Amino acid sequence: MTESNPAPLSDEPVAADLAPEAAVAPVSPADDRSARTRQLLGMKGAQTGDTSIWKIRLQLMKPITWIPLMWGVICGAASSGNFRWTLENVLISAACMFFAGPLLTGYTQTVNEYYDREIDAVNEPYRPIPSGAIAPSQVVTQILVLLAAGIAIPYALDQWAGHTFPTLTVLALGGAFVAYIYSAPPLKLKQNGWLGSYALGASYIALPWWAGHALFGDLNATIVVLTLFYSLAGLGIAVVNDFKSVEGDRQFGLKSLPVMFGITTAAWICVCMIDLFQAGIAAYLVSIHENLYAAILLLLVIPQITFQDMYFLRDPLKNDVKYQASAQPFLVLGMLVAALALGHAGV
Ligand SMILES: C/C(=C\COP(=O)(O)OP(=O)(O)O)CCC[C@H](C)CCC[C@H](C)CCCC(C)C
């Protein structure tokens with residue numbers, strides 16, 4: 001069975017029997033605690049065996065992945081140049097972060113888990129659907145609830161902002177659509193390494209940025225183009241995520257960059273994209289005379305290059321998670337620096 005020709009969508013738990021070893025391996029109490037936390041956050045190295053349906057539902061939504069989207073909203077609010085520290089603005093921003101993170105990213109991840117259940121039975125059999133912890137029909141209900149709430153809140157925020165054109169609602173609908181075609185057949189963008197990774201990078205950097213910007217200011221073409229450019233660095237980050245599943249991806253015909261180019265070349269493509277596109281944003285900041293912000297952004301790229309050299313390029317398969325944990329804080333801080341510069345320049 002290949003990814004391009006996926007299994008019929010039955011209501012049966014997919015593959016508890018494909019991964020019996022995951023359920024019986026003995027673990028120490030410390031390992032057990034860590035595995036449970038990883039399970040709840042939706043991280044690699046989790047364990048099976050949780051019986052609470054709410055914990056399983058949360059695990060499907062991968063809370064760890066909400067953070068970049070929530071951060072993107074903050075960047076957008078900063079780049080609008082209009083954010084003021086009032087209680088109302090803080091609550092409104094929190095509502096925007098809530099729909100971008102828990103609701104729509106939660107929806108995205110749940111859709112992804114649903115359509116990936118066959119391949120996950122090979123790559124990560126401890127995940128909720130392949131381990132049999134939740135039935136696919138329950139997952140579909142979860143997807144619909146998250147989607148409905150993830151559209152209702154931006155609609156309310158459009159009313160608050162007095163938008164004549166419902167920008168936030170349209171962004172949410174567009175994001176939900178991209179999320180769907182990313183994971184679901186027939187398009188399944190993730191099958192194509194370039195397209196899928198760019199969709200992911202843009203959705204994690206540009207879309208929430210646009211939402212935060214539109215909430216407090218006017219979303220204009222310059223911000224749209226710049227953030228789409230920034231998303232090419234996000235593409236590099238997205239590819240880092242593909243090294244862990246290279247064997248299963250190859251087996252299921254998914255053309256991720258590591259599958260297409262091999263581990264070493266793909267790792268170099270990753271780091272070049274991450275570094276060069278951040279540097280490109282810094283160059284733009286210089287061009288609009290935001291030199292201090294540009295210098296800070298470039299300084300934040302240096303530790304990322306260091307971690308690429310120390311961890312990622314030496315062994316991308318072993319050090320992918322370690323690299324992300326070490327380098328990503330600098331990348332996301334750089335996003336905020338760029339956003340503040342744009343807000344300061346009144347772009
Ligand atoms: C499902 C996603 C990544 C997981 O991909 P993959 O299956 O390759 O990796 P795993 O093996 O680790 O599962 C993320 C896909 C993102 C998607 C293209 C679009 C996201 C849309 C946003 C959530 C919408 C935000 C809207 C906005 C207005 C804030």
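This passage describes the surroundings of the ligand, a salt bridge between two loops, two backbone features and one helix in a predicted model.

In the predicted model, the shell around the ligand is made up of 25 residues, of which N112, D116, Y182, K190 and K244 come nearest. By character, the residues of this shell divide into 13 that are nonpolar, seven that are polar and five that are charged. Three helices, namely helix 5 (87–115), helix 8 (167–183) and helix 9 (193–216), each contribute at least two residues to the shell, and the largest share, seven residues, is supplied by helix 5.

Several side chains place polar atoms beside oxygen atoms of the ligand. In K190, a polar side-chain atom lies 2.6 Å from a ligand oxygen, while an N or O atom in the side chain of D116 is 3.1 Å from an oxygen atom of the ligand, and for K62 the corresponding distance, again from a side-chain N or O atom to a ligand oxygen, is 3.2 Å. Of the 760 Å² that the ligand exposes when taken alone, the protein buries 96%.

D116 also takes part in a contact within the protein, since its side chain meets that of K188 in a salt bridge with an N to O distance of 3.5 Å. Because D116 lies in the loop between helix 5 and helix 6 (117–123), whereas K188 lies in the loop between helix 8 and helix 9, the pair ties together parts that are 72 residues apart in sequence. Side chains of opposite charge can pair in this way when their charged atoms come close. In the model as a whole, the count of salt bridges comes to eight.

Two features of the backbone may be set against the general pattern, in which most residues other than glycine have a negative phi and most peptide bonds are trans. The peptide bond from P185 to P186 is cis, with omega near 10°, and P186 is placed in the loop between helix 8 and helix 9. K62, although not a glycine, has a positive phi of about 45°, and this residue is found in the loop between helix 3 (53–60) and helix 4 (66–80).

Helix 10, which spans residues 221–240, contains 20 residues and reaches 29 Å from its first C-alpha to its last, close to the expected 28 Å. The N-terminal end of helix 10 is capped by N220, a side-chain oxygen of which lies 3.1 Å from the backbone nitrogen of T222. Further along, helix 10 has a kink of about 30°, centred on A233.

Key:
Residues numbered from 1 in each chain as written. Predicted model: local features only at pLDDT ≥ 70, side-chain atom pairs only at ≥ 80, totals over all residues. Heavy atoms only, no water. Helix = DSSP H or I, 4+ residues; strand = E, 2+ residues; numbered from the N terminus. Expected span 1.5 Å × (residues − 1). Bend = angle between axes of the 7 residues up to and from the residue. Polar contact = N/O pair within 3.5 Å; in protein donor to acceptor, adjacent residues only side chain to side chain. Near = heavy atom within 4 Å. Areas by Shrake-Rupley, 256 points an atom, 1.4 Å probe, with all protein chains shown as cover. Nonpolar A, V, L, I, M, F, W, Y, C, P; charged D, E, K, R; others polar. Salt bridge = Lys/Arg side-chain N within 4 Å of Asp/Glu carboxyl O.
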